[in-house]
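Me: I would like a close look at a single part of this structure, taken slowly and with the reasoning spelled out. Please choose one element and tell me what surrounds it.

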Amino acid sequence: LIWNISLQARIDAALSNGEIYLAYQPKIMVQTGEIVGAESLVRWEDPVKGHIPPDYFIRQCETAGRMSQLTRFVLEEACKAGNAFEAEGLHLPIAVNISATLLHERSIVTMVSDVLDKTGFDPRRLTLEITETFRISNLDLAAEILGELKALGTKISMDDFGVGAASLEALLRLPFSELKIDRMFIAPMTNDPKALGIVKSVLQMGKDLRIIVVAEGVEDAGTLTLLRDSGCVVAQGFAISRPVTFDKILEYHRDSEKPPKEGMV
């Protein structure tokens, strides 16, 4: 309890002094390995406690009433990184996680609009990944807010699809242009026929709905091969790359552009 209170009290300072920062996890085209996007993931390296798990300190941000401040920080840093990628010749779409709890007020629309104006980042290359859709208490209001966010030019993605009782209802009623299959189904698909069947069904549903489907949590080459054979287009996970620094993303991109060496598959 004492540590929780201390952590909450340190959030603002950690945001300003660099303890809280972003890492980026590549999204690739499954068939080619080409990098087609990157998800911005927030990290906290405390000088005393070391690495603090994101799920833990994000909950502390919620408890301390600092989710808006954290979200603005992540949006600004991600958009700045997107501009920096472009300056290096990498026109990379950037994804940012948005807590479903922020869809209860229109202030999130003002925030995103302000950050886009401030950074000059192209909204067409910004994807807002809505996390924990089961926490949306008013789908009608959320639909209006997401509609306004989409009108700014951003893409709207449903994160962790398949987890939480409201996922299908939210997919039906909210203006998502992408969904991410939760790792709960991706991880066991190589040895669990039921998981494989669910993944294939979601991939087919994505085709029917004409929305992008991203497989997240791809942790081994066998899973990536099975996704390729199942017609999955975009994937991310440790088998592809762990969350890495800005420079590592550029290195990954440059390596992927190199022609394969003779005799190599």
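Reply: A good place to begin is L179, which, leaving aside residues up to four places away in sequence, touches S157, M158, F161, L171, V202, M205, I211, I212, V213 and V214. This is a predicted model, and the contacts described here are computed from it. L179 also belongs to the largest nonpolar core, a set of 78 residues in which L70, L126, F176, L179 and I181 touch the most other members. Helix α3, residues 67-87, gives the most to this core, with 9 residues. In soluble globular proteins, nonpolar side chains tend to be buried together.

Among the contacts of L179 is V202, and V202 is one of the buried residues of helix α8, together with A195, L196, V199, L203 and G206. Because these residues cover an arc of only 125° around the axis, they lie on the same side of α8. On the other side of the helix, P193, K194 and D208 are exposed. The buried residues of α8 pack against the strands β6 (155-161), β7 (178-181) and β8 (212-216), and against the helices α7 (183-186) and α9 (221-229).

As for the helix itself, α8 comprises the 17 residues 193-209, which at 1.5 Å a residue should span 24 Å, and the end C-alpha atoms are indeed 24 Å apart, so the two values agree. At the start of α8, a side-chain oxygen of D192 comes to within 2.9 Å of the backbone nitrogen of K194, while the helix is followed by R210, whose phi is positive, near 60°.

Technical notes:
Residues are numbered from 1 along each chain as its sequence is written. This is a predicted model: local features need pLDDT of at least 70, side-chain atom pairs count only at pLDDT 80 or more; totals for chains, interfaces and linings use all residues. Side-chain values use heavy atoms; hydrogens and water are left out. Helices (H or I, at least four residues) and strands (E, at least two) are DSSP runs, numbered from the N terminus. The expected span of a helix is 1.5 Å times one less than its number of residues. Buried means under 20% relative accessible area, exposed over 50%, partly exposed in between (1.4 Å probe, protein chains only). The arc is that of the directions from the helix axis to the C-beta atoms. Contact means heavy atoms within 4.5 Å. A polar contact is a pair of N or O atoms within 3.5 Å; within protein, one must be able to donate a hydrogen and the other to accept it, and residues adjacent in sequence count only if both atoms are side-chain atoms. A nonpolar core is a set of buried Ala, Val, Leu, Ile, Met, Phe, Trp, Tyr and Cys residues joined through side-chain atoms within 4.5 Å.
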